[in-house]
Amino acid sequence: MVDDGFILVTGAAGQLGSVGRTVTGLLLDRGFSVRAMVRREDERAASLRASGAQVVVGDLLKPGDVYRVVSGCGQVYFGMSVSAGYLQAAVAREAGVNALVNMSQMTVSEMSIQSTTPSHQQRQHWLSEQALAWSGLPVVTIRPTMFLESFLQLAAPSVRKRDRIELPFGRGKTSPVAAADVAQVVAVVLADPVPHLGQIYELTGPQSQDLDGVAREFSAALNRQVTYSDISPEEWEQKLKVQGIAGTSVGPSFGDGRVAPGGSL
Ligand SMILES: NC(=O)c1ccc[n+]([C@@H]2O[C@H](COP(=O)([O-])OP(=O)(O)OC[C@H]3O[C@@H](n4cnc5c(N)ncnc54)[C@H](OP(=O)(O)O)[C@@H]3O)[C@@H](O)[C@H]2O)c1
């Protein structure tokens with residue numbers, strides 16, 4: 001495959017954490033040629049184009065699209081919300097790239113063949129890491145905890161309405177990390193991948209605490225009492241549907257059991 005000097009950023013339009021979108025901006029700022037892959041032409045695609053990215057439209061579930069967008073790219077950021085189909089399509093034609101930066105998540109650090117989690121999405125990320133290892137591609141793995149932006153989006157509605165953080169996290173601890181900080185790491189790796197090949201980078205926020213601790217931080221910041229309420233996964237699923245984010249990079253994590261939020265430390 002001919003490397004035309006482009007860095008490919010998948011999921012560049014951005015929906016939740018928008019790591020791909022931030023990475024695109026950071027690389028353009030540093031003078032790199034960026035091919036930004038989006039799923040559809042919309043205002044997000046237009047603004048990527050206006051910022052200087054080469055925008056390509058495609059579906060990561062379609063091998064033909066993947067071949068087209070990967071061709072000519074030396075480095076690839078693979079940051080899709082996972083499903084069985086994405087990986088198959090993505091890996092199919094990426095042989096030839098000199099670095100693939102795979103966005104995984106922290107909980108994978110605690111998983112193995114013998115030890116898994118009830119979360120469908122976490123299992124998919126684990127499987128993705130295995131398949132990329134088998135593929136022999138030059139991979140750099142990024143394992144962040146839950147994105148702070150996602151956490152705020154999930155917690156805000158019930159805090160606003162009932163002064164309660166209503167999430168199915170049990171007694172699990174988490175240390176959310178800003179998606180913008182994660183994007184900084186991805187951009188640094190894409191800009192000069194060789195020293196990082198084969199590495200796994202685990203990214204956390206500054207403090208690991210349970211949701212009671214988080215509620216205390218909300219209380220202090222909002223100057224009113226906010227408490228944590230541990231809800232059932234079924235209730236959670238319903239709330240995600242109402243918010244319109246079931247089936248996204250946050251949504252599927254909580255589909256089939258009580259889970260630690262993106263990596264309990
Ligand atoms: N959110 C968290 O707390 C968290 C924590 C740790 C790790 N992660 C992982 O980080 C990664 C990136 O998350 P993020 O929040 O930056 O993503 P995001 O902002 O939700 O962006 C994902 C993008 O992928 C695009 N997309 C979805 N399906 C596609 C397909 N079949 N073909 C082409 N494009 C497709 C979406 O396009 P449209 O917008 O047009 O649909 C969207 O722009 C995910 O793998 C996630 O699991 C997330």
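# A walk through the predicted model

Among contacts in the chain between residues at least 6 apart in sequence, 75% join residues at least 24 apart. The structure is a predicted model. Its chain has 265 residues, of which 45% count as buried. The secondary structure comes to nine helices and eleven strands.

A good place to start is the sheet. Seven strands form an open sheet in the order β3-β2-β1-β4-β5-β6-β9, and their pairing is parallel. At the edges stand β3 (54–57) and β9 (200–203), each of which pairs on one side only. On average, neighbouring strands of this sheet are turned by 20° against each other, with direction ignored.

The strands can be followed from the β3 edge inwards. Strand β2, residues 33–38, runs parallel to β3 and is joined to β3 by four bridges. Across this pair, R35 stands opposite Q54 in β3. Strand β2 is largely enclosed by the rest of the structure, because five of its six residues are buried. Strand β2 also pairs with β1 in the parallel sense, again over four bridges. Here I7 stands opposite V34 in β2.

Strand β1 covers residues 6–9, and β1 pairs with β4 in the parallel sense over four bridges. In this pairing L8 faces V76, a residue of β4. Strand β4 spans residues 73–78 and is mostly covered, with five of its six residues buried. The next strand in the order is β5, residues 99–103, which runs parallel to β4 and is joined to β4 by four bridges. One of the matched residues is F78, whose bridge partner in β5 is N102.

The chain then leaves β4 at a glycine. G79 is found in the loop between β4 and α4 (84–92). Is G79 buried or exposed? G79 counts as buried, because it has 26 C-beta neighbours inside 10 Å and 20 or more are needed for that label. Leaving aside neighbours within four places in sequence, G79 is in contact with T10, G11, V19, G20 and M103. For one of these contacts, G11, the separation from G79 is 68 residues in sequence, while the C-alpha to C-alpha distance in space is 6.4 Å. M103, another residue on that list, belongs to the range of β5, residues 99–103. V19 belongs to helix α1, residues 19–29.

Just before that helix comes another residue of interest. S18 is found in the loop between β1 and α1. S18 has a positive phi of about 55° although it is not a glycine. S18 is buried, with 21 other C-beta atoms within 10 Å. A phi of about 55°, also positive, is found at D163, which is not a glycine either. D163 lies in the loop between α6 (148–162) and β7 (164–167). Unlike the buried S18, D163 is partly exposed, because 16 other C-beta atoms lie within 10 Å and the buried label starts at 20.

Helices pack on the sheet and on each other. Two packed helices are described by the angle between their axes and the distance between the axes. Helix α1 (residues 19–29) and helix α7 (residues 179–191) pack at an angle of about 50°, with their axes 8 Å apart. The two helices α1 and α7 are therefore oblique to each other. Their crossing is right-handed. On the α1 side the contact is made by V19, T22, V23, L26 and L27, and on the α7 side by A179, A180, V182, A183, Q184, V186, A187, L190 and A191. The residues of this contact divide into twelve nonpolar, two polar and no charged.

What remains is how helices sit against the sheet. Strand β2 and strand β3, described above, are joined by four bridges. Helix α5 (residues 120–135) packs on the sheet and touches β5 and β6 (139–144), and its direction makes about 165° with that of β5. Helix α7 packs on the sheet as well, touching β1, β4, β5, β6 and β9. The direction of α7 makes about 170° with that of β6. Helix α7 thus has contacts both with the sheet and with α1.

Note on methods. Residues numbered from 1 in each chain as written. Predicted model: local features only at pLDDT ≥ 70, side-chain atom pairs only at ≥ 80, totals over all residues. Axes fitted to C-alpha atoms, helices over the stretch in contact; angles between N-to-C directions. Parallel < 35°, antiparallel > 145°, perpendicular 65-115°, else oblique. Left-handed = near helix turned anticlockwise from the far one by under 90°. Contact = placed C-beta atoms within 7 Å. Nonpolar A, V, L, I, M, F, W, Y, C, P; charged D, E, K, R; others polar. Buried ≥ 20, exposed ≤ 12 C-beta atoms within 10 Å, placed from the backbone. Pairing = 2+ DSSP bridges.
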